[in-house]
Amino acid sequence: MTRIRPSRPDEGERAVEIWRGAVDATHDFLTPDDRLDIDEMVCGFLPQAPLWLAVDENDYPLAFMLIDEGHMEALFVDAAHLGSGIGGALVRHGLALHPEMTTDVNAQNDQAVRFYERMGFKETGRSPTDEQGRPYPLIHLKYPG
């Protein structure tokens, strides 16, 4: 049984573990140098970020979501639990809080693009680079509340 709750200050390291495993499983388009640079950036902010966690029956975090003012900045599921419905549960939780939630997805991450399409998100635009100007195109999405 998965439960969703806010993160606690002592769970930052687990969030980074989830992020690393998920990225390694789904972001094979990243260059090794970019992967290291992004890892350093993530380690600098993720442990202190206010996250929504999906936890198992033992209260162990399996996935997280970061929402800032109605924009889902991050959604990552432990690689061992990809495809289990945990990501969908987190998104539905986010939509209950922000019915017209927006997010961005790497265009090269086919699995994530299909996931957001199944969840009902609609494309609102594209960018040729990520937020840091790296050559990873983004698809901008919005839930049509």
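Glu17 is partly exposed, with a relative accessible area of 40%; in this report partly exposed covers the range between buried, under 20% relative accessible area, and exposed, over 50% (1.4 Å probe, protein chains only). The model is a predicted one, in which local features need pLDDT of at least 70 and side-chain atom pairs count only at pLDDT 80 or more, whereas totals for chains, interfaces and linings use all residues. Residues are numbered from 1 along each chain as its sequence is written, and side-chain values use heavy atoms, with hydrogens and water left out.

**Salt bridges**

Glu17 forms a salt bridge with Arg14, that is, a side-chain nitrogen of Lys or Arg lies within 4 Å of a carboxyl oxygen of Asp or Glu. By this rule the model holds 15 salt bridges. Three of these pairs are set out below.

| Acidic residue | Basic residue | Closest N and O atoms |
|---|---|---|
| Glu17 | Arg14 | 3.2 Å |
| Asp78 | Arg14 | 2.7 Å |
| Asp34 | Arg134 | 3.6 Å |

Glu17 and Arg14 both belong to helix α1 (residues 12-26), where they are three residues apart, about one turn of the helix. Helices here are DSSP runs of H or I with at least four residues, strands are runs of E with at least two, and both are numbered from the N terminus. Unlike the partly exposed Glu17, Arg14 counts as buried, at 13% relative accessibility.

Arg14 also forms a salt bridge with Asp78. Arg14 lies in helix α1 and Asp78 in the loop between β4 and α3, so this pair ties together parts that are 64 residues apart in sequence. Asp78 is likewise buried, with a relative accessibility of 15%.

Asp34 and Arg134 form a further salt bridge. This pair links distant parts of the chain, since Asp34 is in helix α2 (residues 32-45) and Arg134 in the loop between β6 and β7, 100 residues apart. Asp34 is buried at 14% relative accessibility, and Arg134 is buried with a relative accessible area of 14%.

A network of salt bridges links Arg3, Arg5, Arg8, Asp10, Glu11 and Asp59. Within this network, Asp59 is placed in the loop between β2 (52-55) and β3. Asp59 counts as partly exposed, at 22% relative accessibility. The phi angle of Asp59 is near 70°, a positive value in a residue other than glycine. Most residues other than glycine have a negative phi.

**Surface charge**

A positive phi, near 50°, is also found at Glu69, which sits in the loop between β3 and β4. Glu69 is exposed, at 78% relative accessibility. Together with Asp68, Glu73 and Glu131, Glu69 gathers in a patch of negative charge on the surface. Patches are made of residues with over 30% relative accessible area and no salt bridge, with like charges joined within 9 Å and nonpolar side chains (Val, Leu, Ile, Met, Phe, Trp, Tyr) within 5 Å. Accessible areas come from the Shrake-Rupley method with a 1.4 Å probe, and for residues only the protein chains shown count as cover. Lys and Arg count as positive and Asp and Glu as negative, while His and the chain ends are not counted. The place of a charge is taken as NZ of Lys, CZ of Arg, CG of Asp or CD of Glu.

Glu131, another member of the patch, is located in the loop between β6 (122-127) and β7 (138-142). Glu131 is exposed, with a relative accessible area of 57%.

**Nonpolar core**

The largest nonpolar core has 22 residues; such a core is a set of buried Ala, Val, Leu, Ile, Met, Phe, Trp, Tyr and Cys residues joined through side-chain atoms within 4.5 Å. Met72, Leu75, Val91, Met101, Val105, Tyr116 and Phe121 have the most contacts inside this core. At least two core residues come from each of β3 (61-68), β4 (71-77), α3 (86-97), α4 (110-119) and β7. Helix α4 gives the most, with five residues.

**Selected separations**

Ala74 lies in strand β4 and is buried, at 13% relative accessibility. The C-alpha atoms of Ala74 and Tyr60 are separated by 19 Å, with their positions 14 residues apart along the chain counted as their distance apart. His93, in helix α3, is partly exposed, with a relative accessible area of 22%. His93 and Trp52 are 41 residues apart in sequence, and their C-alpha atoms are 8.9 Å apart in space.
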